2 protein chains.
Amino acid sequence: MPAYEVVVDVMLKPEILDPAGQAVSNALPSLGLPVATALRIGKHVELVLDAPDEAGALAQATTMAEVLLSNPVIEDFRVRLA
Amino acid sequence: MPAYEVVVDVMLKPEILDPAGQAVSNALPSLGLPVATALRIGKHVELVLDAPDEAGALAQATTMAEVLLSNPVIEDFRVRLA
């Protein structure tokens, strides 16, 4: 079976507070960096899967994201081919 | 100035061990999930910047990534428009 590179991006849902993103955002001006209107930090997972086709690889990655990579109570995720 | 949505993905350099990714990878079979040939976990930062144009927004985000979002000793980053 061919190998597919898949990317899963996991972000806190918009209504959930993101203290890490807030801390980075607050630090920008004191470092002389441009101010960000919004800034949120999530997880970026890069994986390689053996699957019969692209749809199969995306389906496998979606299952992984639902079960292991994300917490569905507080996080959303997006799956795409790299 | 228009607002641009920019994404910064920060990953450990390939030669740096990724214990979190390894732990997830090892957990897959015992959860009945498909096995990943490779799996690495990084940070996914979504931000909104006011900039004169797309190139300016990407340049601002690159500066932020270099100075604050990544550790250049152990991490690589990629910047793109969302």
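User: Why is the pair A:D9 and A:R80 called a salt bridge?

Analyst: In this predicted model, the closest N and O atoms of A:D9 and A:R80 are 3.9 Å apart. The cut-off is 4 Å between a side-chain nitrogen of Lys or Arg and a carboxyl oxygen of Asp or Glu, so the pair qualifies. A:D9 lies in strand β1 (residues 3-12) of chain A and A:R80 in strand β3 (residues 75-81) of chain A. With their positions 71 residues apart, the pair links distant parts of the chain. Over all chains, the structure holds 6 salt bridges.

User: How do you know that chain B and chain A are in contact, and how many residues take part?

Analyst: Contact requires heavy atoms within 4.5 Å. By that test, 32 residues of chain B touch 32 residues of chain A. The two chains bury about 2500 Å² between them, and 69% of this is on carbon and sulfur atoms. In chain B, the residues that lose the most area to chain A are B:H44, B:E46 and B:L68, which together make up 21% of what that side buries.

User: What makes A:R78 and B:E46 a salt bridge?

Analyst: Their side chains meet at 2.4 Å, N to O. The limit is 4 Å, and the pair is an Arg with a Glu, so the rule is met. Side chains of opposite charge can pair when their charged atoms come close. Across the interface of chain B and chain A, the rule finds 2 salt bridges. Polar contact across this interface comes to 12 residue pairs, with both residues at pLDDT 80 or more.

User: Which elements make up the side of chain B that touches chain A?

Analyst: Those giving two or more residues are β1 (3-12), α1 (19-30), β2 (36-50), α2 (54-69) and β3 (75-81) of chain B. β2(B) gives the most, with 15 residues. By class, this side has 20 nonpolar, 5 polar and 7 charged residues.

User: How do you know that strand β2 of chain A and β2(B) pair, and in which sense?

Analyst: Pairing needs at least two bridges; β2 (residues 36-50) of chain A and β2(B) have 13, so they count as paired. The sense is antiparallel. Among the positions involved, A:K43 stands opposite B:K43, A:H44 stands opposite B:G42, and A:A36 has B:L49 as its bridge partner.

User: What makes β1(A) and β2(A) a pair of strands?

Analyst: They share 8 bridges where at least two are required, so they pair. The sense is antiparallel. A:V10 stands opposite A:K43 in β2(A), and A:K43 in turn stands opposite B:K43 in β2(B). In chain B, 8 bridges join β1(B) to β2(B), also running antiparallel. One of the partners there is B:V48 in β2(B), which faces B:E5.

User: How are the two copies related, and how do you know?

Analyst: A turn of 180° with a shift of 0.0 Å along the axis lays chain B on chain A with an RMSD of 0.0 Å. The copies are therefore related as by a two-fold rotation axis.

User: Why can one say through which surface the copies meet?

Analyst: Of the interface residues of chain B, 100% are also interface residues in chain A, so the copies meet through the same surface.

Terms used
Residues numbered from 1 in each chain as written. Chains lettered and ligands numbered in written order. Predicted model: local features only at pLDDT ≥ 70, side-chain atom pairs only at ≥ 80, totals over all residues. Heavy atoms only, no water. Buried area = accessible area lost by both parts, 1.4 Å probe. Polar contact = N/O pair within 3.5 Å; in protein donor to acceptor, adjacent residues only side chain to side chain. Helix = DSSP H or I, 4+ residues; strand = E, 2+ residues; numbered from the N terminus. Nonpolar A, V, L, I, M, F, W, Y, C, P; charged D, E, K, R; others polar. Least-squares fit on C-alpha atoms with pLDDT ≥ 70 in both.
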